[in-house]
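Welcome, and please open your viewer. We will go from stop to stop, selecting a few residues at a time.

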Amino acid sequence: MKYSGIGGQAVIEGIMMKNGDEYAVAVRKSDGEIAVSKETYLSFADKHKFASLPLIRGVFSFADSMILGMRSLMFSASFFEDEEDGEEPSKFEKWLDKTFGDKVEKVLMTFSMVLAVVLALVIFMWLPLFLSGIISGFISNENILAIIEGFIRIAVFIIYIKLVSRTEDIKRTFMYHGAEHKCINCIEHGLPLNVDNVYMSSKQHKRCGTSFIFIVMAISIIFFMVIRVDDPFLKFALRILLIPVIAGVSYEFLRLAGRSDNCVVNFLSKPGMWMQNLTTKEPDRQMIEVAIKAVEAVFDWQKYEEENFPDGPDELGKSLLEKLEKGN
C-alpha cells in the first residue's frame, strides 16, 4: 500500500474528502442528484510552524478535524433542512434567528463542538474513573486498576457505538464511512477508481479516526500506570491535562502506521482495525458513487497511479481484480 495523502469523513448522506489544503463534500440529495462543494482549508500547521512539530501536531490535527468535520456536516445537513423549509419554525428557532441573526450557524456549530467535548469527558473519562474507583475497594494494586480503567473505557466506547448505530441515520453514516475507506484503499493499491473496484476493496484503513480513538485509549493505560495521584479530583484533572500529550503520541503512531507496512506496526494496528468494524459498514453502489465524486474533486488519482504504480496494481490489487473477473 502506497501513501496517497488523502483522507476523509462520512457526513449526512455523503462524504468529505481532503487532500492538502483542499477538501470536497459530496452529498446525495433526496432527488438522487449528487451535489459537490469544493473549498480550501488552511490547517493550524499551515498557519503556524510550531503546530507541525512532532507530538504537538497531533493535537492541532485533531482540532482541524473537528472544525472541518463540523463545516462538512453543516453543508450536508443544509440540503435536508431545505426540505423542511415549509414547516413553521419553532419558538426556539425563532429566538435563535432573532438573537444571533446571520451568526446563528456559527453559534450552533460552536455549541455543538463544546457539548461534544463535555459529553466525551463525562462518558469516556469521568465514568471509567468513577467505576474503577468503586473497584478500588476490592483491588489495591494501582497498575491493575489502571488496566481495569482502560478496559472499562474501551467497553464504554463499544457500548456507546453499538447503541447509536441502532438508528437508521447512523447506520447509513457508517456505510458512507465504509465507502470512504474503500475508495482510499482502492487508490492506494493501484486500482482504477470505479464502482466495481471500490466495492471489492477493504472497508478498513489504518489511518482511520476510530483507530486513533482506540490508540488513545490504549496508550492512556500506560500513562496512568506510570503517573499516579491519590486524590479523586486530581485524578480526573490529570486525565484531562494529559489528553494533549496522549493524543500527540497516538497521532504519531497512527501517522507511522498509515505510511508503513512493517509487520510490527501492522500487528499493533490490528486492534484499532478491528474496532473499525463498529464504525464502518458495507456501502451500496450509490454510496460508492458519492465517494468517488468527492475524491475526484480534490485528487488526481490517475496521475497518482501513473507515478506510483507504473506496472499496474500491487499484489493485493491484482488479487482483487482476479476475484472481480471470476465473479463476472
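Start by selecting Ala 257, which counts as buried because its relative accessibility is 0%. Bear in mind throughout that this is a predicted model. Show the cartoon as well, and you will find Ala 257 in helix H10, which covers residues 243-259. Now display what surrounds this residue: beyond its neighbours within four places in sequence, Ala 257 is in contact with Lys 206, Val 265 and Ser 269. For a distance to draw, pick the C-alpha atoms of Ala 257 and Leu 238; they are 28 Å apart, with the two residues 19 apart along the chain.

**Into the cores**

Next, select Met 17, Cys 183, Ile 187, Leu 193, Val 295 and Phe 299. These residues touch the most other members of the largest nonpolar core, which has 30 residues. Colour the elements that give two or more residues to this core: strands S1 (6-11), S2 (14-19) and S3 (22-28), together with helices H6 (168-188), H7 (195-200), H12 (285-298) and H13 (301-308). Which element gives the largest share? That is H12, with 8 residues.

Zoom in on Leu 193. Leaving out neighbours within four places in sequence, its contacts are Cys 183, Cys 186, Ile 187, Val 198, Ile 292, Val 295, Glu 296 and Trp 301. Then move to a second, separate core of 14 residues; Phe 212, Ile 215, Leu 242 and Val 265 are among them. Val 265 may look familiar, as it is one of the contacts of Ala 257.

**Around the rings**

Switch to the aromatic side chains, where the structure holds 9 pairs. One of them joins Phe 75 and Phe 79 edge-to-face, at 5.1 Å centre to centre and with 90° between the planes. Both residues lie in helix H2 (residues 56-82), 4 residues apart, or about one turn of the helix. Are these two rings buried or exposed? Phe 75 is partly exposed, at 23% relative accessible area, whereas Phe 79 is buried, at 17%.

Select Phe 299 and Tyr 304 for a tilted pair, 5.5 Å centre to centre with 55° between the planes. Phe 299 counts as buried at 9% relative accessibility, and Tyr 304 does too at 7%. Then add Phe 44, Phe 50 and Phe 60, which ring pairs link into a cluster.

**Charges over rings**

Finish with two Lys and Arg side chains. The charged end of Arg 239 sits over the ring of Phe 224, 4.1 Å from its centre. Lys 2 places its charged end over the ring of Phe 309, at 5.4 Å from the centre.

Terms used: Residues numbered from 1 in each chain as written. Predicted model: local features only at pLDDT ≥ 70, side-chain atom pairs only at ≥ 80, totals over all residues. Heavy atoms only, no water. Buried < 20%, exposed > 50% of the residue type's maximum accessible area, 1.4 Å probe, protein only. Contact = heavy atoms within 4.5 Å. Core = buried A, V, L, I, M, F, W, Y, C linked by side-chain atoms within 4.5 Å. Phe/Tyr/Trp six-rings, centres within 6.5 Å; stacked < 30°, edge-to-face > 60°. Lys NZ or Arg CZ within 6 Å of the ring centre and 35° of its normal.
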